[in-house]
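Please look over the structure shown here before reading the notes beneath it.

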Amino acid sequence: MDMEVEEYLRPPEMDLPPYPPKVVTLATGGKLVIRQASRDDVPIILEAVRPTLKVERDFYDIVGARVYAELLGWYRYRVRDEFCLMGQIDGLLVGVVNTRLYSRELGISLHTLATERGLRIGAHLFAAKMEYSFEYIGQEEVLITAESPIGFRRWMIEYELILREGQHELGGAAPYGLTKELYYKHKDRLVAGERPVPEELLAVAEKEIIVASEDDILEKILGARRKVR
Amino acid sequence: MRPVVVAGAGMIPFERRDDDSLMDMLAAAGLNAMDDAGLGNLPVNSVYVGNMASGLFNHQVSVASALVDRLSLLPAAADRVENGPASGGSAIKNGFLAVASGFNDIVLVVGGEKMRDVIGPKATDIVACMTHPEAEYIYGLTLPSMAGMFARLYMEKYGITREHLSMVAIKNQTNGLLNPYAHIQMKITMEGILTHPQSHVNSPVVADPIHLYDCCPVSDGAAAVLLTTEEIAKKLKKPLVTIDGVGQATDTHTLQERSDPTDLKAVTLASEQAFKMAGIKPKDIDVAELHDAFTILEIAESEHAGFFPKGEGAKALERGETQIGGKLPINPSGGLKARGHPVGATGVAQAVELVWQLRGEAGERQVKDAANGFSLNFGGFGNNVLAFVLRRKS
């Protein structure tokens with residue numbers, strides 16, 4: 001690689017504080033470990049994202065394709081100031097979220113992708129990325145949009161987001177703002193998790209990011225009966 | 001009246017069924033019931049379809065006429081029966097009367113609803129259309145909010161706790177894991193939905209004290225039973241299960257007009273009628289399917305139907321009496337809580353479960369030696385209730 005040219009191609013990066021891992025107890029009693037993904041984790045995460053491209057339901061295909069591109073772009077230094085958090089149950093990857101920072105003060109929430117459904121995995125992961133933005137990075141506002149009715153209900157309505165002027169960078173849809181004030185207003189109701197994560201739980205999560213088979217991922221997303229386009 | 005036999009029972013898995021129309025679901029369930037009976041070329045005289053709101057959910061009405069044609073059952077008579085969430089039960093009652101009276105020999109009863117064509121808040125609003133327009137609906141009352149108020153009063157009066165409600169949810173979701181037709185296939189724990197300090201994030205308040213896991217899901221689905229005479233049923237292939245008792249009663253439209261809002265009079269009256277007609281007592285029942293749209297209802301209905309004295313239902317639950325293997329298993333199918341509640345389908349799905357239980361065909365959730373079954377289909381908020389006693393004939 002010609003690093004001289006590469007230097008021009010790579011966007012600059014801010015230093016971000018680490019996101020300390022946390023554990024959320026799910027309705028099943030299962031333990032969801034949410035932790036920060038590193039660039040090195042991206043190839044294995046992409047394996048879990050790839051099957052979602054086949055699923056039309058709830059716009060998983062669009063969300064999956066965009067997440068794939070965003071994470072690949074981050075992995076290969078073509079996206080500026082992106083972070084990614086992931087959720088694991090007993091090591092199994094069950095969802096990812098990502099955000100890009102427009103500035104130190106303003107975040108642009110990109111995607112929430114859960115490959116296990118019915119346990120509010122997506123809700124816990126979304127809450128975690130907002131927690132990171134406001135409580136650790138110190139942002140003032142995060143701009144959010146939704147590509148599916150479920151996302152709209154979960155983010156725009158549950159957090160009482162404020163409609164903003166302009167276009168969100170995801171397809172130019174209307175951006176909605178989650179301010180620091182709104183985040184803290186809803187935090188007790190929507191943000192869960194305990195720290196520190198017990199050592200044995202964290203060790204399992206860090207030892208290996210387990211990716212379910214494509215069949216399992218599709219079945220989890222689509223329910224008991226397979227309905228792939 | 002002639003004895004009425006449930007000669008065939010069938011359903012389709014309750015879930016979110018994006019790829020199926022309402023008619024696809026009704027037809028599939030109907031075919032399953034007819035196949036189950038081994039009906040062959042015998043003519044179906046009438047088709048009753050239990051459906052609450054296809055016009056609002058799916059922009060389609062006259063679904064019974066459409067179903068008869070879809071199933072090639074012309075010129076069978078066809079009627080859609082609408083009675084809110086008790087539409088399925090009412091359809092069975094009408095089918096029962098047609099056969100019992102001698103008006104028809106073979107009747108197909110199908111219940112179905114496709115609710116997931118609309119988003120959740122819209123579905124809640126459509127279901128809320130059954131409330132009183134001027135006294136309730138305009139103030140924003142919904143079925144979950146009614147359940148919340150009812151639960152609060154019932155809990156205070158009888159010392160029921162949120163732990164009891166969660167026990168119902170856990171029991172029924174555990175049963176649902178044994179039912180391949182159940183919408184919710186997930187085991188939940190007391191820690192995850194109640195006792196963990198952050199469990200409120202998993203199971204948020206819907207209408208205090210009702211939380212998310214106290215509510216049934218919004219489902220698509222259909223179920224069907226084929227009713228006929230004993231004479232015809234004996235020529236078919238299945239063991240005989242008869243509808244021995246039918247009861248129905250109504251109560252005031254608005255909750256505020258009831259002298260005691262915790263007294264589900266229509267449940268008591270409908271159940272008494274069904275038991276009297278069947279000539280048996282609640283103590284003779286081996287398995288019951290109750291209308292647990294909200295967890296509190298399973299407890300309250302188990303008392304009002306006569307299985308336990310008032311205030312004792314939760315204690316029976318604590319003792320494990322209502323689990324599979326207990327003294328009176330309630331909702332081995334998973335109930336509305338786990339099987340799901342496509343409103344027009346529910347009353348029929350309850351009958352299907354009882355038929356399978358009484359024939360010994362319920363697989364892993366089979367209640368041992370079940371001979372007498374009871375179902376309760378709860379319309380409105382208890383303002384129109386149907387009860388049935390089904391029995392296995394030796």
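The report below takes up a sheet, the helices that lie across it, the contact between chains and a nonpolar core.

**The sheet of chain A**

In this predicted model, chain A holds an open sheet of eight strands, which has mixed pairing and the order 1-2-3-4-5-6-8-7. Strand 1 (22–25) and strand 7 (162–163) of chain A each have a single partner strand and stand at the edges, so one side of each is left without a neighbour in the sheet.

Within this sheet, strand 3 (residues 82–89) of chain A pairs with strand 4 (residues 92–101) of chain A in the antiparallel sense, over eight bridges; A:Phe83, for example, has A:Thr99 in strand 4 of chain A as its bridge partner.

**Helices across the sheet**

Helix 4 (residues 121–137) of chain A lies across strands 1, 2, 3, 4, 5, 6 and 8 of chain A, and runs at about 35 degrees to strand 4 of chain A. Helix 7 (residues 199–207) of chain A, for its part, lies across strand 1, strand 2 and strand 3 of chain A, running at about 60 degrees to strand 2 of chain A.

**Where the chains touch**

The contact between the chains draws 16 residues from chain A and 21 residues from chain B. On the side of chain A that touches chain B, six residues are nonpolar, five are polar and five are charged.

**A nonpolar core**

In soluble globular proteins, nonpolar side chains tend to be buried together. The largest nonpolar core here has 196 residues, and of these B:Val225 and B:Val348 touch the most other members. Leaving aside neighbours within four places in sequence, B:Val348 is in contact with residues including B:Ala91, B:Ile92, B:Val109, B:Val110 and B:Val225, and also with B:Gly50, B:Gly88 and B:Gly111.

Key
Residues numbered from 1 in each chain as written. Chains lettered and ligands numbered in written order. Predicted model: local features only at pLDDT ≥ 70, side-chain atom pairs only at ≥ 80, totals over all residues. Contact = placed C-beta atoms within 7 Å. Nonpolar A, V, L, I, M, F, W, Y, C, P; charged D, E, K, R; others polar. Core = buried A, V, L, I, M, F, W, Y, C linked by C-beta atoms within 7 Å. Buried ≥ 20, exposed ≤ 12 C-beta atoms within 10 Å, placed from the backbone. Pairing = 2+ DSSP bridges. Helix = DSSP H or I, 4+ residues; strand = E, 2+ residues; numbered from the N terminus. Axes fitted to C-alpha atoms, helices over the stretch in contact; angles between N-to-C directions.
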